[in-house]
Amino acid sequence: MTKWTRSTKCAAMIALASFCYGAQAGEITAYTSLEEDDIRVYLQGFAKAKPAIKVNVLRLSTGDLAARMLAEKSNPRHDVIWGWAVTQMVDPRILEMTEAYKPAGIDQVKPEFKDAQNRWFATTGYFAGFCVNTEILKKNNLPMPSSWADLTNPAYKGQIVMPNAASSGTGYLQVVSILQMKGEEKGWQYLKDLDKNIAQYIKSGSRPCKMASTGEYAIGLSFAFSGVKQIMEGYPIKLVIPSEGAGYETEVNALMKTAKNKADAKQFLDWLLTLDAAKLYGERAEMSSVPGAKPTADILKAGLPADVATVLYKMDFDASAKNKDRIIAEWKKSIER
Amino acid sequence: MTVSHPRTVTQTARIDTDRLAVLGLTVAVALPLIVFVVLPLVGILNLSFVTEDGIGWGNFVRYFSSPKFTRVVVNSFTVTLTTTAITVVLAYAFAYAMHRTAMPGKRAFGMIVLLPLFAPSLVQALGILFMFGRNGVINRSFGLGIDIYGFWGIVISDVFYSFPHAYLILSAALALADARVYESAQMLGASAARVFRTITLPATRYGVMSATFVVFTIVITDFGNPMVIGGDFSVLATEIYNQVSGQSNFAMGAVIGVLLLIPAGLAVVIEKWIMRRHHASITDRSQPLRLMPDRRRDMAGLVYASVVCGMILLIVGVVFVASFVTLWPYNMHLSLRHYRFEVQNGLQPLWTSVWVSLAAGAIGVVVTVAGACVMRRLHGAAAQALYFLSILPAAVPGMVLGLGYIFAFNDPANPLEILYGTAVILAICNVYHYHAQGFLIATTGLNQISRVFDEASTSLGGSFFRTLRSVILPIIWPSIVSVGVFFFVRSMVTLSAVIFLVTPSTQLAAVSVLLLDDAGNQNQAAAFSVCIMLVVAMALALFHGLLRLSGAKRVSLFG
């Protein structure tokens, strides 16, 4: 009996071990915050180019993924970080886990989309956008907003939802872009004025757009592509990109120092900068750092500009990363309810 | 003297092996609790003291002095106490209608009331928003301006969320009664109100306390409902999320997690104090209660049960309908398009969930029933310590437990690191996340048996295991099945702890629901949830069928 139990236990342990350390050559693990449906499309593209490499993907929201990576820090489980917010990436606790790597084709990427020390590079990104529910707007006789400045109109009182800057990356992106474009003093004053119209601060960045879609509120401050998606779903949403310029965030990729399969991980990172990949970015992302990515007709119809560069506000990422703690503390003190 | 001598020797020997058995089982129960609950928590506790200038109380001081602190604590307590009071009263009335009236339709009511347990909590919040949101069915149809977000939104959704838990415990307490007491009361001419006040209520006091304790902890640690429907009304559990997920600030998240553990300690002390006054309601001389029809009482029960079940059906039903609607609420044509699951691996996570949940059910039964049995034999400090360990998980927010697991089991120095990233750790995590509730169901079942039975068995020379096997298990095995089903179902729908433990190959169904909702696809999230609910319903039907086949005719799953 004991012998039997012991051998079973042994077998189970071995089975578990091979399961745990199953990442052999030809297999890599990527941690990402890209959207589920996009991941599927990108991986189909990668499989065509490199059929021998299997990519296991764990998808979590930006903040949850940061928590997970930091908690796993003593023993990282992934080979690459794929499509993850740059403001999170520049956290020194994360950066020290990465290894510098220059993927093939990195020279075509503009300097603002890559790290000077080659620890990360961006492929895609997202920027601030307002989701406006046209049905609710009409029902309440409200004007269509076109800028951040319009949103302080008292007519919108109780009709706007905005992400919570402390818990949502999109929320922080919106706040920091306003502070950078208006200067700190005027920026904070604007946020306090805007606060009078805000019905709720939402803990996730895409939810405000969803709440506007189902008509819970008239205007959801979010990122542009969440609006594009809801429009394509068929909701009565109009996407508004603030005329002052939209703050943006890039989604970056990096190689882990602890990668168990560096050779294949590098091939994956290389593929992210190929023309094949760029074509997919055109179909699935609102902005891309890789030349050759062109938005599709559907996306343009949903309200995305053909040349994204014209609507972006030029962010100072170093400053926005460096000041994050201070700005969030101030936001919590003077704005959060 | 010479005759009795050898007998004393065998008896002492038996008592010694008996003691050894109890001791062995105590260790077998306590050790996993320490490894899978205490160690992860110690890791988190440690974190709460890590500051930039070394180990100290800095984080606590900083949190206590922040302006939000008092408000969040007050918010948490008012919302929790309000919800607890409402839930326990409503659930008691429901359980009373089920067991102490002769109303028709009890089987259907008994099933419907458990529906919220079978649905991922996210979907319940979705349902409430579909119905009562600012642009929900009610407001749209009647042109009202009800704003559900905030205090009452959390209270309403948490009442739905915790109702079945309270009902199960109160149901177990009200199911059994000693007819002799009621007969004497009737003969002495006591009014119905007086019978209730002096007999029913005192006899079920323990159940009420248990239910109160369970609901209180479920609500204060719940994070899904406040997240979706709480608006700007912050509670401790959402603050943890703010700190950990939003700002990667584990230390502050840990501080709030530690603060949430305090109510648990209090609840334990209070419950212990009540338990000391509790005696088994069923003794060796009890007579089962027979219900006489009483039209007014039965009508009242029927109306009340119909209203409660109607509300529950409405919330779950609207999600079911939404999953078949083209675009809620703008295009109400029916369509199957939301059932093409455009997530990685499609429906695979559903099957992973089933396996993990079956494992959690099996492990959960062994762990909690063993724990409950050991508790009966322990006394004094050991009993209190084990009891505290057993119900401690109830006070731990899933998110804190999940993070604790990463810190504890992704450590190369830990021999159990081998479990990390596997489906096994998901099952274990679910078992210990819901350990307290499972343990309480098992204990409530066990407490229905008077200790006289144990003593009789022991004095006749039965060993601990023999008593267990031939006296206790045959009586409480329906409770055991309930415990297994409880763990299975919780595992199918829970999210908060496992979200930090899933891997590419162990993606779970409830996580898929979250991902779909995250991607802005509420209807698809509703559709995936409908699939989860169907699997749970089919599993329950299967369990039920097997039970009936095996000869247990009057067993109802879930107490």
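These legends describe close-up views of a predicted model of chain A and chain B.

**View 1. The contact between chain A and chain B.** Chain A brings 63 residues to the contact, and chain B brings 63 residues as well. Together the two chains bury about 5,400 Å². Carbon and sulfur atoms account for 48% of that area. On chain A, three residues stand out: A:Glu36, A:Lys203 and A:Glu216. They supply 13% of the area that chain A buries against chain B, more than any other three residues.

**View 2. A salt bridge across the interface, B:Arg140 with A:Glu135.** The closest N and O atoms of this pair are 3.6 Å apart. The interface of chain A and chain B holds five salt bridges. Polar contacts also cross it: 26 residue pairs, both partners at pLDDT 80 or more.

**View 3. Helix H3 of chain A at the interface.** This helix spans residues 62–71. It gives seven residues to the side of chain A that touches chain B, the most of any contributor. That side of chain A comprises 23 nonpolar, 19 polar and 21 charged residues.

**View 4. Low-confidence stretches of chain A.** Chain A averages a pLDDT of 89, and 93% of the residues score at least 70. Residues 1–5 of chain A stay under 50. For residues 1–5, the model has zero contacts beyond four places in sequence. Residues 13–23 of chain A also stay under a pLDDT of 50. For residues 13–23, the model has 15 contacts beyond four places in sequence.

Methods: Residues are numbered from 1 along each chain as its sequence is written. Chains are lettered from A and ligands numbered from 1 in the order in which they are written. This is a predicted model: local features need pLDDT of at least 70, side-chain atom pairs count only at pLDDT 80 or more; totals for chains, interfaces and linings use all residues. Side-chain values use heavy atoms; hydrogens and water are left out. Contact means heavy atoms within 4.5 Å. Buried area is the accessible area (1.4 Å probe) that two parts lose on being put together, summed over both. A salt bridge is a side-chain nitrogen of Lys or Arg within 4 Å of a carboxyl oxygen of Asp or Glu. A polar contact is a pair of N or O atoms within 3.5 Å; within protein, one must be able to donate a hydrogen and the other to accept it, and residues adjacent in sequence count only if both atoms are side-chain atoms. Helices (H or I, at least four residues) and strands (E, at least two) are DSSP runs, numbered from the N terminus. Ala, Val, Leu, Ile, Met, Phe, Trp, Tyr, Cys and Pro count as nonpolar, Asp, Glu, Lys and Arg as charged, and the others, Gly among them, as polar. pLDDT is the predictor's confidence in each residue, from 0 to 100.
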